[in-house]
Amino acid sequence: MSGERRWALVTGAAQRTGAHLARGLAAHGYGLHLHAHTSDPAPLARVLQAETGVPVRTHRVDLADTEAVRSWAHRLRTGPCPPHLVVNNASPFPPPHGIDDLGLLEEGLRVHLFAPAVLRAALPDEDGHVVNMLDARLALLDGTRPGYEVSKYALAAHTLLAARRLAPHVRVNAIAPGLLLPPPGRDETHLRELARQRSPLGRPARPADVVAALLFLEKAVSVTGQIIHVDSGEHLG
């Protein structure tokens, strides 16, 4: 990138989709704040620094602890490298549960809604951008994990409300990926079979296309309040 370096915060960045997003941003010269809670973001940080030479800082924060997130957002904003881009990618994905499991509903809301709402405070007063990671299957009302689905729905609504409320100083968009990577413990064959069943294109979406969507939203400065599906058509059912 030309001019002053732009910094990005990616939550849940130590592995899977978050790690792909971090790699894509590093390849385009972004300084990175890599967040994780249970995983260690330091190995990825070392790899990205060696491969691209960009500065990378790591953070371990429990996003379900709203007051800890509030303090962290203040430290990011007042620190030497405040982010201009916040990618809210971290996402608990619980096992199937009942509609009345309030513990999992609260956890989902704290991580998927409260933390993104609070982390907006890490951005500077001008030229900020928030990208929320949603789920292509929300409209299909699966109902297997209500705590996950309800809180992702809330984040989708918050994306649109925040885009309206925070303009013109902060843009807010979202990406809704479909099947990208094999579920933990499964392989690429399993992923391809799921994609054949679920998506009109009959194949998994590519992590590189999710990165491309993020970079498009970053560069298209007249775009706000948009949700881009990157899912081989999976949201169509």
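Reader: How far does H1, with its 12 residues, reach from its first C-alpha to its last?

Author: H1 is a helix in the DSSP sense (an H or I run of at least four residues; strands are E runs of at least two, and both are numbered from the N terminus). The expected span is 1.5 Å times one less than the number of residues, which comes to 16 Å for H1. The model lands close to that, at 17 Å.

Reader: Before we go on, at what pLDDT do side-chain atom pairs count?

Author: Residues are numbered from 1 along each chain as its sequence is written, and side-chain values use heavy atoms, with hydrogens and water left out. This is a predicted model, where totals for chains, interfaces and linings use all residues, local features need pLDDT of at least 70, and side-chain atom pairs count only at pLDDT 80 or more.

Reader: Which residue just after H1 takes a positive phi?

Author: H1 has a long list of neighbours over its buried residues, including E1, E2, H2, E4, E5 and H7. Contact here means heavy atoms within 4.5 Å. Just past the end of H1, a positive phi of about 90° turns up at Gly 29.

Reader: Now H2: why do its buried residues sit on the same side?

Author: The buried ones (under 20% relative accessible area with a 1.4 Å probe, protein chains only; exposed is over 50%, partly exposed in between) are Leu 44, Ala 45 and Leu 48. They share a side of H2 because the arc they cover around the axis, taken from the directions to the C-beta atoms, is only 100°.

Reader: And which exposed residues are on the face of H2 turned away from the buried side?

Author: The buried residues of H2 pack against H1, E2 and E3. The opposite face carries Arg 46 and Ala 50.

Reader: Which helix gives the most residues to the lining of the largest cavity?

Author: A cavity is a set of points on a 1 Å grid over the protein atoms alone where a 1.4 Å probe fits but cannot get out, and lining residues have an atom within 4 Å of a point. The largest one has a volume of about 50 Å³, counted as the space filled by probe spheres set on the points, with points joined across faces, edges and corners. Among its lining residues are Thr 11, Asn 88, His 112 and Leu 155. With 5 residues, the biggest contributor is H4.

Reader: How many residues does H4 give to the second largest cavity?

Author: That cavity holds about 30 Å³ of space, and Pro 92, Glu 107, His 112 and Tyr 148 are among its lining residues. The largest share of the lining comes from H4, with 4 residues.

Terms used:
On a 1 Å grid over the protein atoms alone, a cavity is a set of points where a 1.4 Å probe fits but cannot get out, and a pocket is an open set with protein on both sides within 12 Å along at least five of seven lines; lining residues have an atom within 4 Å of a point.
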